[in-house]
Amino acid sequence: MRHVRAVLFDIDDTLFDYTGAERAAIVAQVSEEGGLGALASAGEAAQLWSELMAASYQRFLDGELTFRGQQLARARAFVAAVHPGGELLDDTAAAEWFESYRRHYRASWQPFPDAAPTLEALAAHGLRLGLISNASEANQRPKMQEIGLADFFSDGPLICSEEHGEAKPAASIFHAACGELGLPPEQVAYVGDRHDVDAQGARDAGLTGIWLNRSGGRSEADAGVTVIASLTELLPLFIASRR
Ligand SMILES: [Mg+2]
């Protein structure tokens, strides 16, 4: 690996357990809203919510919906699946439903246990830290505060796609973060849970692309992408690169 002077991170499902919080929240929301309706199980509800999230979020990233709009679209589609044949939620009702879901979601926020110890160790070894996220700053800043990780990034870039204008895997979003660091991409690594959007995108932009695959499979990674199963593997990689 090349000599790395700064490490940039994805947030959701990399430092922050997004999937865990989303699953806990939708299960709580369904039970508060009177049950599963046409859905067979809590597992099916969580699966459907996750699929709707992926689809509506993609429409946000494609510029088809605002950040707010994708939240309402998700709420409307989910309630329609719980109560097929019922009336679609209007904007006010969808906003209320989503607010209630959001309260459950916020109550479930947690960092991954390996995040804080890794960030602390990297900083102690002189590595600079930053964040790139396909989301909005208004969403991500309070989240980083709430889960106790914001202080690690107080001197580093936080580049979000909504404000930047392009989403990962566009090279420009990686280069914007390198620019804020004042470092060439060759001296910067990017760590994320998506092989395509995060690791390949970073590699194609000239950074060291690192895929965090918490499920442990390494064989499916592309050439030029480093794979780790836990954030604790990062520091040894960077220390080895200095020798
Ligand atoms: Mg992610």
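A residue is called buried when its relative accessible area is under 20%, exposed when that area is over 50%, and partly exposed in between. The exercises below concern a predicted model.

**Exercise 1.** Decide whether His104 is buried or exposed, and describe its surroundings.

*Solution.* Begin with the location: His104 belongs to helix α4, which covers residues 91–107. Next, take the relative accessibility of His104, which is 19%, and set it against the cut-off of under 20%; His104 therefore counts as buried. Then list the contacts, leaving aside neighbours within four places in sequence: His104 touches Ala25, Ala28, Gln29 and Glu32. Finally, look at the side chains, where that of His104 makes a polar contact with that of Glu32 at 3.0 Å.

**Exercise 2.** Work out in which order the six strands form the open sheet, and which strands are at its edges.

*Solution.* Reading across the open sheet, the order is β3-β2-β1-β4-β5-β6, with parallel pairing. The edge strands are β3 (158–160) and β6 (225–228), since each of them pairs on one side only. On average, and with direction ignored, neighbouring strands of this sheet are turned by 25° against each other.

**Exercise 3.** Determine how many bridges join β1 to β4, and find the helix that lies across β4, β5 and β6.

*Solution.* Strand β1 (residues 6–9) and strand β4 (residues 188–192) run parallel and are joined by four bridges; as one instance, Ala6 has Val188 as its bridge partner in β4. The helix to be found is α9 (residues 195–204), which lies across β4, β5 (208–212) and β6 and runs at about 160° to β5.

Conventions. Residues numbered from 1 in each chain as written. Predicted model: local features only at pLDDT ≥ 70, side-chain atom pairs only at ≥ 80, totals over all residues. Heavy atoms only, no water. Helix = DSSP H or I, 4+ residues; strand = E, 2+ residues; numbered from the N terminus. Buried < 20%, exposed > 50% of the residue type's maximum accessible area, 1.4 Å probe, protein only. Polar contact = N/O pair within 3.5 Å; in protein donor to acceptor, adjacent residues only side chain to side chain. Contact = heavy atoms within 4.5 Å. Pairing = 2+ DSSP bridges. Axes fitted to C-alpha atoms, helices over the stretch in contact; angles between N-to-C directions.
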